[in-house]
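Work through the exercises below with the model open beside you. Try each task before you read its solution.

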Amino acid sequence: MRRRWLLALVAVVAAPASAQSDRHEFYFDAAAGYVSSSTELGDWTEGDVGKLRHVDDGLTGFRLFGEYHGRISPTLRARVVADYVDDASGGLDLTEAVIDWRPVPRSRNQQQVRFGAFYPGFSLENGDRGWQSPFTYSYSAINTWLGEEIRPFGAEWSLRRRLAGVHAAHELRVVAAGFYGNDPAGTLLFWRGWSLHDRQTRLNDELSIIPLPFTTNPQRLQSFMETDHRPGMYAGLEWRYARRALVQFARYDNRADPWSFRDGQWGWGTDFDHLAVQVGLPAELGLIYQWLDGTTEWLTAALPSGTRLPISEHVHDRFYSQFVMLTRKLGANHRLAVRYDTFETARSASVPVLNSDEGHAWTLSYRIEPTERFSGGIEWLRIESARDLWPMFYNTAREQTEDQLRLQLSYRLAAPSQR
(Lines give C-alpha, C1' and ligand atoms only; values in the text may rest on other atoms or scores of the structure.)
Protein backbone atom coordinates (compact mmCIF):
# COMPACT_ATOMS: atom_id res chain seq x y z
CA MET A 1 0.00 0.00 0.00
CA ARG A 2 2.79 2.44 0.88
CA ARG A 3 4.52 1.76 -2.44
CA ARG A 4 1.31 2.45 -4.42
CA TRP A 5 0.82 5.73 -2.58
CA LEU A 6 4.40 6.74 -3.32
CA LEU A 7 4.05 5.93 -7.01
CA ALA A 8 0.89 8.02 -7.15
CA LEU A 9 2.63 10.91 -5.38
CA VAL A 10 5.60 10.78 -7.75
CA ALA A 11 3.21 10.76 -10.72
CA VAL A 12 1.52 13.91 -9.42
CA VAL A 13 4.90 15.55 -8.89
CA ALA A 14 6.32 14.62 -12.28
CA ALA A 15 3.25 15.25 -14.42
CA PRO A 16 3.73 19.03 -14.90
CA ALA A 17 7.46 18.73 -15.67
CA SER A 18 7.11 17.98 -19.37
CA ALA A 19 4.72 20.86 -19.96
CA GLN A 20 6.30 23.64 -17.87
CA SER A 21 10.04 23.05 -17.59
CA ASP A 22 10.65 26.62 -16.42
CA ARG A 23 9.07 25.74 -13.09
CA HIS A 24 11.34 22.83 -12.29
CA GLU A 25 14.81 22.27 -10.93
CA PHE A 26 16.94 19.11 -11.04
CA TYR A 27 19.99 18.51 -8.89
CA PHE A 28 22.46 15.60 -9.08
CA ASP A 29 25.25 14.73 -6.66
CA ALA A 30 27.87 11.97 -6.88
CA ALA A 31 30.38 11.29 -4.09
CA ALA A 32 33.29 8.85 -4.04
CA GLY A 33 36.67 8.56 -2.37
CA TYR A 34 39.02 6.50 -0.27
CA VAL A 35 38.37 4.92 3.13
CA SER A 36 40.86 3.50 5.61
CA SER A 37 39.33 1.75 8.65
CA SER A 38 40.76 0.12 11.76
CA THR A 39 38.31 -2.27 13.40
CA GLU A 40 37.94 -5.90 14.39
CA LEU A 41 34.24 -5.86 13.52
CA GLY A 42 32.45 -6.34 10.22
CA ASP A 43 30.26 -4.01 8.18
CA TRP A 44 26.80 -3.60 9.74
CA THR A 45 25.13 -3.22 6.32
CA GLU A 46 26.19 -6.80 5.55
CA GLY A 47 24.60 -8.18 8.72
CA ASP A 48 27.71 -8.01 10.93
CA VAL A 49 28.08 -6.53 14.42
CA GLY A 50 30.17 -3.41 13.65
CA LYS A 51 29.11 0.23 13.67
CA LEU A 52 30.99 1.49 10.62
CA ARG A 53 29.46 1.56 7.16
CA HIS A 54 32.82 0.91 5.46
CA VAL A 55 35.35 -1.47 7.03
CA ASP A 56 37.51 -2.38 4.00
CA ASP A 57 40.32 -0.07 2.93
CA GLY A 58 40.16 1.22 -0.63
CA LEU A 59 38.26 3.32 -3.14
CA THR A 60 34.49 3.32 -2.78
CA GLY A 61 31.37 5.13 -3.90
CA PHE A 62 29.56 6.87 -1.06
CA ARG A 63 26.33 8.12 -2.58
CA LEU A 64 24.67 9.01 -5.87
CA PHE A 65 21.42 10.91 -5.63
CA GLY A 66 19.14 13.20 -7.57
CA GLU A 67 16.72 15.77 -6.20
CA TYR A 68 13.79 17.32 -8.03
CA HIS A 69 11.98 20.53 -7.04
CA GLY A 70 8.80 21.54 -8.85
CA ARG A 71 6.51 24.54 -8.62
CA ILE A 72 3.05 23.17 -9.39
CA SER A 73 1.34 26.48 -8.54
CA PRO A 74 2.36 29.69 -6.73
CA THR A 75 1.56 28.06 -3.37
CA LEU A 76 2.15 24.37 -4.15
CA ARG A 77 5.56 22.77 -4.54
CA ALA A 78 6.88 19.25 -4.81
CA ARG A 79 10.16 17.52 -4.01
CA VAL A 80 11.44 14.02 -4.74
CA VAL A 81 14.84 12.60 -3.75
CA ALA A 82 16.07 9.42 -5.46
CA ASP A 83 19.12 7.66 -4.05
CA TYR A 84 21.47 4.93 -5.30
CA VAL A 85 23.76 2.93 -3.00
CA ASP A 86 25.74 -0.26 -3.51
CA ASP A 87 25.43 -2.58 -0.52
CA ALA A 88 23.33 -5.50 0.71
CA SER A 89 20.12 -3.51 0.21
CA GLY A 90 21.43 -1.43 -2.67
CA GLY A 91 20.01 -0.15 -5.92
CA LEU A 92 17.86 2.85 -6.77
CA ASP A 93 15.05 3.97 -4.47
CA LEU A 94 13.46 7.08 -2.99
CA THR A 95 14.37 8.68 0.32
CA GLU A 96 11.70 11.40 0.19
CA ALA A 97 8.64 12.30 -1.87
CA VAL A 98 6.66 15.26 -0.56
CA ILE A 99 4.17 17.92 -1.64
CA ASP A 100 4.47 21.26 0.16
CA TRP A 101 1.61 23.77 0.36
CA ARG A 102 2.26 27.30 1.65
CA PRO A 103 -0.84 29.51 1.37
CA VAL A 104 -0.39 33.23 0.88
CA PRO A 105 -0.20 34.74 4.40
CA ARG A 106 -2.90 37.28 5.36
CA SER A 107 -1.22 38.21 8.66
CA ARG A 108 2.07 37.65 10.45
CA ASN A 109 1.21 33.94 10.48
CA GLN A 110 2.78 31.76 7.77
CA GLN A 111 1.27 28.28 7.53
CA GLN A 112 2.72 25.25 5.78
CA VAL A 113 1.37 21.76 5.10
CA ARG A 114 3.54 18.86 3.94
CA PHE A 115 2.17 15.55 2.67
CA GLY A 116 4.11 12.45 1.67
CA ALA A 117 7.20 10.64 2.92
CA PHE A 118 9.65 13.07 4.52
CA TYR A 119 12.03 13.73 7.38
CA PRO A 120 10.63 15.52 10.42
CA GLY A 121 12.43 18.82 10.88
CA PHE A 122 14.37 17.64 13.94
CA SER A 123 17.92 17.85 12.59
CA LEU A 124 19.93 21.09 12.75
CA GLU A 125 22.86 19.19 11.26
CA ASN A 126 21.37 17.76 8.05
CA GLY A 127 20.20 20.88 6.26
CA ASP A 128 21.81 20.39 2.85
CA ARG A 129 20.42 18.91 -0.35
CA GLY A 130 19.37 15.29 -0.04
CA TRP A 131 19.27 15.65 3.77
CA GLN A 132 23.07 15.77 3.83
CA SER A 133 25.23 17.61 6.34
CA PRO A 134 27.31 20.59 5.18
CA PHE A 135 29.59 20.13 8.22
CA THR A 136 30.78 16.50 8.33
CA TYR A 137 30.49 13.47 6.04
CA SER A 138 29.44 11.11 8.84
CA TYR A 139 26.35 12.27 10.70
CA SER A 140 25.99 12.41 14.47
CA ALA A 141 24.62 9.33 16.24
CA ILE A 142 21.21 11.02 16.63
CA ASN A 143 20.87 12.03 12.99
CA THR A 144 22.33 8.78 11.74
CA TRP A 145 19.50 6.97 13.54
CA LEU A 146 16.87 9.43 12.28
CA GLY A 147 18.12 8.72 8.76
CA GLU A 148 17.91 4.98 9.37
CA GLU A 149 14.57 4.45 11.12
CA ILE A 150 12.49 7.67 11.23
CA ARG A 151 10.65 8.53 8.00
CA PRO A 152 6.92 9.11 8.47
CA PHE A 153 4.43 8.82 5.65
CA GLY A 154 1.72 11.29 6.51
CA ALA A 155 0.85 14.98 6.85
CA GLU A 156 2.56 17.77 8.79
CA TRP A 157 1.12 21.19 9.62
CA SER A 158 3.18 24.10 10.89
CA LEU A 159 2.63 27.77 11.69
CA ARG A 160 5.37 30.38 11.87
CA ARG A 161 4.81 33.82 13.41
CA ARG A 162 6.97 36.89 13.92
CA LEU A 163 6.28 38.18 17.40
CA ALA A 164 6.18 41.94 16.83
CA GLY A 165 5.96 43.20 13.31
CA VAL A 166 7.46 42.28 9.98
CA HIS A 167 11.02 43.23 10.93
CA ALA A 168 10.99 41.62 14.36
CA ALA A 169 13.98 39.50 15.29
CA HIS A 170 12.00 36.93 17.30
CA GLU A 171 9.99 34.20 15.62
CA LEU A 172 7.98 31.22 16.88
CA ARG A 173 7.01 28.08 15.02
CA VAL A 174 4.69 25.24 16.06
CA VAL A 175 4.40 21.94 14.22
CA ALA A 176 2.15 18.86 14.48
CA ALA A 177 1.99 15.73 12.34
CA GLY A 178 0.20 12.41 12.00
CA PHE A 179 1.65 9.50 10.07
CA TYR A 180 1.65 5.79 9.31
CA GLY A 181 4.68 3.52 9.19
CA ASN A 182 7.84 3.57 11.34
CA ASP A 183 6.45 0.78 13.54
CA PRO A 184 9.73 -1.26 13.68
CA ALA A 185 11.70 1.90 14.70
CA GLY A 186 14.02 0.93 17.55
CA THR A 187 15.07 -2.43 16.09
CA LEU A 188 18.46 -1.13 14.93
CA LEU A 189 19.15 0.65 18.21
CA PHE A 190 18.96 -2.60 20.17
CA TRP A 191 20.46 -5.14 17.79
CA ARG A 192 23.10 -3.07 15.99
CA GLY A 193 23.36 -0.22 18.48
CA TRP A 194 24.10 3.43 17.70
CA SER A 195 26.23 4.25 14.69
CA LEU A 196 27.75 7.22 12.85
CA HIS A 197 27.67 7.19 9.05
CA ASP A 198 25.93 8.81 6.07
CA ARG A 199 23.72 6.02 4.73
CA GLN A 200 20.03 6.94 4.62
CA THR A 201 17.48 4.13 4.56
CA ARG A 202 15.40 4.34 1.41
CA LEU A 203 11.63 3.94 1.54
CA ASN A 204 11.59 0.33 0.33
CA ASP A 205 14.91 -0.88 1.74
CA GLU A 206 15.14 -4.28 3.37
CA LEU A 207 18.25 -4.07 5.52
CA SER A 208 20.41 -7.01 6.52
CA ILE A 209 21.24 -6.61 10.21
CA ILE A 210 22.90 -8.65 12.95
CA PRO A 211 21.47 -12.22 13.30
CA LEU A 212 19.35 -13.26 16.26
CA PRO A 213 21.41 -14.94 19.01
CA PHE A 214 22.52 -18.50 18.24
CA THR A 215 21.55 -18.13 14.56
CA THR A 216 23.64 -17.38 11.47
CA ASN A 217 21.25 -15.72 8.99
CA PRO A 218 21.00 -11.91 9.18
CA GLN A 219 17.70 -10.42 10.26
CA ARG A 220 15.75 -8.54 7.60
CA LEU A 221 14.52 -5.10 8.63
CA GLN A 222 11.99 -2.86 6.85
CA SER A 223 12.14 0.25 9.00
CA PHE A 224 9.06 2.00 7.62
CA MET A 225 6.55 -0.86 7.78
CA GLU A 226 3.06 -0.33 9.25
CA THR A 227 2.22 -3.30 11.50
CA ASP A 228 -0.89 -2.29 13.48
CA HIS A 229 -2.81 0.44 11.55
CA ARG A 230 -2.41 2.83 14.47
CA PRO A 231 -1.23 6.30 13.39
CA GLY A 232 1.80 7.86 15.03
CA MET A 233 2.35 11.51 15.84
CA TYR A 234 4.91 14.17 16.62
CA ALA A 235 4.67 17.80 17.67
CA GLY A 236 7.14 20.53 18.42
CA LEU A 237 7.87 24.16 19.21
CA GLU A 238 10.70 26.31 17.84
CA TRP A 239 12.04 29.75 18.78
CA ARG A 240 14.38 31.67 16.51
CA TYR A 241 16.22 34.95 17.09
CA ALA A 242 17.32 36.43 13.76
CA ARG A 243 20.20 34.30 12.42
CA ARG A 244 21.90 34.17 15.81
CA ALA A 245 20.03 31.54 17.82
CA LEU A 246 17.51 28.74 17.42
CA VAL A 247 15.96 26.43 20.05
CA GLN A 248 13.69 23.53 19.15
CA PHE A 249 11.83 20.97 21.26
CA ALA A 250 9.79 18.07 19.88
CA ARG A 251 7.98 14.95 21.04
CA TYR A 252 7.68 11.85 18.79
CA ASP A 253 5.61 8.68 19.33
CA ASN A 254 5.03 5.99 16.70
CA ARG A 255 2.30 4.46 18.94
CA ALA A 256 3.22 0.98 17.70
CA ASP A 257 1.75 -2.11 19.34
CA PRO A 258 4.69 -4.41 20.28
CA TRP A 259 2.42 -7.46 19.82
CA SER A 260 1.64 -6.48 16.21
CA PHE A 261 3.27 -8.34 13.32
CA ARG A 262 3.25 -8.05 9.53
CA ASP A 263 5.39 -9.51 6.74
CA GLY A 264 8.25 -10.53 9.00
CA GLN A 265 8.29 -7.28 11.00
CA TRP A 266 7.26 -6.80 14.64
CA GLY A 267 6.08 -3.50 16.04
CA TRP A 268 8.36 -1.62 18.45
CA GLY A 269 6.58 1.01 20.55
CA THR A 270 9.09 3.86 20.30
CA ASP A 271 8.79 7.42 21.62
CA PHE A 272 11.34 10.13 22.39
CA ASP A 273 11.87 13.75 23.37
CA HIS A 274 14.22 15.86 21.28
CA LEU A 275 16.00 19.16 21.97
CA ALA A 276 18.13 21.07 19.47
CA VAL A 277 20.04 24.34 19.87
CA GLN A 278 22.00 26.36 17.31
CA VAL A 279 23.95 29.48 18.29
CA GLY A 280 26.28 31.85 16.52
CA LEU A 281 29.37 32.52 18.68
CA PRO A 282 32.15 35.10 18.56
CA ALA A 283 35.10 34.57 16.18
CA GLU A 284 32.61 33.37 13.53
CA LEU A 285 32.12 30.05 15.32
CA GLY A 286 28.88 28.12 15.07
CA LEU A 287 27.60 25.74 17.76
CA ILE A 288 25.03 22.97 17.32
CA TYR A 289 23.74 20.83 20.18
CA GLN A 290 21.18 18.03 19.96
CA TRP A 291 19.78 15.80 22.69
CA LEU A 292 17.44 12.83 22.34
CA ASP A 293 15.98 10.64 25.11
CA GLY A 294 13.36 7.94 24.62
CA THR A 295 12.12 4.42 25.23
CA THR A 296 11.16 1.47 23.07
CA GLU A 297 9.00 -1.47 24.14
CA TRP A 298 9.22 -4.77 22.29
CA LEU A 299 9.03 -8.55 22.60
CA THR A 300 12.20 -10.56 23.06
CA ALA A 301 12.57 -13.95 21.34
CA ALA A 302 10.04 -12.90 18.67
CA LEU A 303 10.75 -14.70 15.40
CA PRO A 304 10.41 -13.48 11.76
CA SER A 305 7.72 -16.12 11.28
CA GLY A 306 5.38 -14.26 13.65
CA THR A 307 5.80 -16.77 16.49
CA ARG A 308 7.46 -16.33 19.90
CA LEU A 309 9.65 -18.64 21.90
CA PRO A 310 8.49 -19.63 25.42
CA ILE A 311 11.18 -17.37 26.92
CA SER A 312 9.76 -14.28 25.17
CA GLU A 313 9.32 -11.21 27.39
CA HIS A 314 7.74 -7.76 27.03
CA VAL A 315 10.59 -5.33 27.81
CA HIS A 316 11.27 -1.58 27.87
CA ASP A 317 14.66 -0.22 26.79
CA ARG A 318 15.77 3.38 27.26
CA PHE A 319 17.91 5.03 24.61
CA TYR A 320 19.76 8.31 24.87
CA SER A 321 22.23 10.36 22.85
CA GLN A 322 23.57 13.88 22.61
CA PHE A 323 26.24 15.71 20.65
CA VAL A 324 27.87 19.09 20.50
CA MET A 325 29.56 20.42 17.38
CA LEU A 326 31.70 23.48 16.76
CA THR A 327 32.20 24.67 13.19
CA ARG A 328 33.86 27.60 11.46
CA LYS A 329 34.14 28.76 7.88
CA LEU A 330 37.63 29.74 6.77
CA GLY A 331 37.20 32.22 3.99
CA ALA A 332 34.52 31.57 1.40
CA ASN A 333 35.36 27.97 0.47
CA HIS A 334 36.75 26.16 3.53
CA ARG A 335 35.06 24.74 6.64
CA LEU A 336 36.31 23.01 9.78
CA ALA A 337 34.08 21.06 12.15
CA VAL A 338 34.64 19.04 15.31
CA ARG A 339 31.91 16.99 17.01
CA TYR A 340 31.64 14.93 20.18
CA ASP A 341 28.84 12.33 20.60
CA THR A 342 27.73 10.24 23.54
CA PHE A 343 25.12 7.47 23.33
CA GLU A 344 23.53 4.73 25.39
CA THR A 345 20.85 2.02 25.19
CA ALA A 346 20.05 0.18 28.43
CA ARG A 347 17.43 -1.97 30.16
CA SER A 348 17.40 -0.74 33.75
CA ALA A 349 14.71 -3.22 34.85
CA SER A 350 17.00 -6.21 34.28
CA VAL A 351 19.28 -7.53 37.02
CA PRO A 352 22.05 -6.69 36.42
CA VAL A 353 21.32 -3.72 34.15
CA LEU A 354 21.69 -4.73 30.48
CA ASN A 355 23.78 -2.12 28.66
CA SER A 356 22.87 -2.96 25.10
CA ASP A 357 25.11 -0.13 23.90
CA GLU A 358 27.10 2.69 25.47
CA GLY A 359 29.94 4.81 24.20
CA HIS A 360 31.15 8.02 22.64
CA ALA A 361 32.65 9.26 19.38
CA TRP A 362 34.87 12.03 18.04
CA THR A 363 34.61 13.44 14.51
CA LEU A 364 37.00 15.93 12.91
CA SER A 365 36.27 17.22 9.41
CA TYR A 366 37.80 19.62 6.90
CA ARG A 367 35.91 20.47 3.70
CA ILE A 368 36.67 22.66 0.71
CA GLU A 369 34.42 23.84 -2.14
CA PRO A 370 36.66 25.43 -4.78
CA THR A 371 33.86 25.64 -7.38
CA GLU A 372 30.08 25.32 -7.48
CA ARG A 373 30.37 21.81 -8.91
CA PHE A 374 33.34 20.30 -7.10
CA SER A 375 33.98 19.83 -3.41
CA GLY A 376 36.22 17.61 -1.34
CA GLY A 377 37.49 16.98 2.13
CA ILE A 378 38.93 14.69 4.74
CA GLU A 379 37.31 13.30 7.90
CA TRP A 380 38.56 11.32 10.89
CA LEU A 381 36.08 9.36 13.01
CA ARG A 382 36.64 7.33 16.18
CA ILE A 383 33.88 5.34 17.93
CA GLU A 384 34.56 3.77 21.35
CA SER A 385 31.71 1.60 22.60
CA ALA A 386 30.81 -1.29 24.88
CA ARG A 387 28.01 -3.82 24.36
CA ASP A 388 26.91 -6.54 26.75
CA LEU A 389 25.44 -8.45 23.81
CA TRP A 390 28.79 -8.96 22.07
CA PRO A 391 30.41 -11.43 24.50
CA MET A 392 27.04 -12.86 25.56
CA PHE A 393 25.81 -13.91 22.11
CA TYR A 394 28.38 -13.10 19.39
CA ASN A 395 31.77 -14.21 20.76
CA THR A 396 33.14 -10.68 20.53
CA ALA A 397 34.92 -8.56 23.14
CA ARG A 398 32.62 -6.20 25.06
CA GLU A 399 34.69 -3.06 24.41
CA GLN A 400 35.63 -1.98 20.92
CA THR A 401 37.34 0.97 19.24
CA GLU A 402 36.62 1.66 15.57
CA ASP A 403 38.58 4.26 13.58
CA GLN A 404 37.94 5.55 10.08
CA LEU A 405 39.76 8.02 7.83
CA ARG A 406 37.78 9.20 4.83
CA LEU A 407 38.83 11.21 1.78
CA GLN A 408 35.93 12.36 -0.39
CA LEU A 409 35.42 14.11 -3.72
CA SER A 410 31.94 15.23 -4.76
CA TYR A 411 30.58 16.45 -8.08
CA ARG A 412 27.20 18.14 -8.34
CA LEU A 413 25.22 19.39 -11.28
CA ALA A 414 22.12 21.59 -11.02
CA ALA A 415 19.65 22.61 -13.68
CA PRO A 416 18.02 25.62 -11.97
CA SER A 417 14.49 26.73 -12.58
CA GLN A 418 14.00 29.78 -14.78
CA ARG A 419 11.66 32.37 -13.30
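Accessible areas come from the Shrake-Rupley method with a 1.4 Å probe, and for residues only the protein chains shown count as cover. This is a predicted model: local features need pLDDT of at least 70, side-chain atom pairs count only at pLDDT 80 or more, and totals for chains, interfaces and linings use all residues. Residues are numbered from 1 along each chain as its sequence is written, and side-chain values use heavy atoms, with hydrogens and water left out.

**Exercise 1. Describe the whole chain.**

Task: State the surface, the secondary structure and the overall dimensions of the protein chain.

Solution.
- Step 1. Take the surface. The accessible surface of the protein chain is about 18700 Å², and carbon and sulfur atoms hold 58% of it.
- Step 2. Count the elements. Helices (H or I, at least four residues) and strands (E, at least two) are DSSP runs, numbered from the N terminus. The protein chain has four helices and 20 strands.
- Step 3. Check compactness. The radius of gyration is taken over C-alpha atoms, and the globule rule is 2.2 Å times the number of residues to the power 0.38. For 419 residues the rule gives 22 Å; the chain has 21 Å, which is close, so it is as compact as a globular protein of that length.
- Step 4. Add the box. Along the principal axes, the C-alpha atoms fill roughly 60 × 45 × 45 Å.

**Exercise 2. Look at burial and contacts.**

Task: What percentage of the 419 residues counts as buried, and what percentage of the contacts with a separation of 6 or more joins residues 24 or more positions apart?

Solution.
- Step 1. Fix the terms. Buried means under 20% relative accessible area, exposed over 50%, and partly exposed in between (1.4 Å probe, protein chains only). Contact means heavy atoms within 4.5 Å.
- Step 2. Read off burial. The buried share is 53% of the 419 residues.
- Step 3. Read off contacts. Among contacts with a separation of 6 or more, 64% are between residues 24 or more positions apart.

**Exercise 3. Find the largest nonpolar core.**

Task: Which residues have the most contacts inside the largest nonpolar core, and which helix gives the most to this core?

Solution.
- Step 1. Define the core. A nonpolar core is a set of buried Ala, Val, Leu, Ile, Met, Phe, Trp, Tyr and Cys residues joined through side-chain atoms within 4.5 Å.
- Step 2. List the hubs. The largest core has 38 residues, and Trp 145, Leu 146, Trp 194, Tyr 234, Phe 272 and Leu 292 have the most contacts inside it.
- Step 3. Name the contributors. Elements giving two or more residues include helix 2 (141–149), strand 14 (269–281) and strand 15 (285–299). Helix 2 gives the most, with four residues.
- Step 4. Zoom in on one hub. Beyond its neighbours within four places in sequence, Leu 292 touches residues including Ile 142, Trp 145, Leu 146, Trp 194 and Phe 272.
- Step 5. Look elsewhere. Another core lies apart from this one; it has 21 residues, among them Trp 44, Phe 190, Leu 207 and Leu 299.

**Exercise 4. Examine helix 2.**

Task: How many residues of helix 2 are buried, and what does Glu 148 contact?

Solution.
- Step 1. Count. Nine of the nine residues of helix 2 are buried, so the helix is largely enclosed by the rest of the structure.
- Step 2. Find the partners. These buried residues pack against helix 3 (187–191), strand 9 (219–221), strand 14, strand 15, strand 16 and strand 17.
- Step 3. Pick one residue. Glu 148 lies in helix 2. Its relative accessibility is 1%, so Glu 148 counts as buried.
- Step 4. List contacts. Leaving aside neighbours within four places in sequence, Glu 148 contacts residues including Trp 44, Arg 192, His 197 and Arg 199.
- Step 5. Compare sequence with space. Glu 148 and Arg 199 are 51 residues apart along the chain, and their C-alpha atoms are separated by 7.5 Å.

**Exercise 5. Compare two positive phi values.**

Task: Are Trp 131 and Glu 284 buried or exposed?

Solution.
- Step 1. Recall the background. Most residues other than glycine have a negative phi.
- Step 2. Read the angles. Phi is near 55° for Trp 131 and about 60° for Glu 284.
- Step 3. Place them. Trp 131 sits in the loop between strand 5 (109–117) and helix 2. Glu 284 sits in the loop between strand 14 and strand 15.
- Step 4. Apply the cut-offs. Trp 131 has a relative accessible area of 9%, so it is buried. Glu 284 has 60%, so it is exposed.
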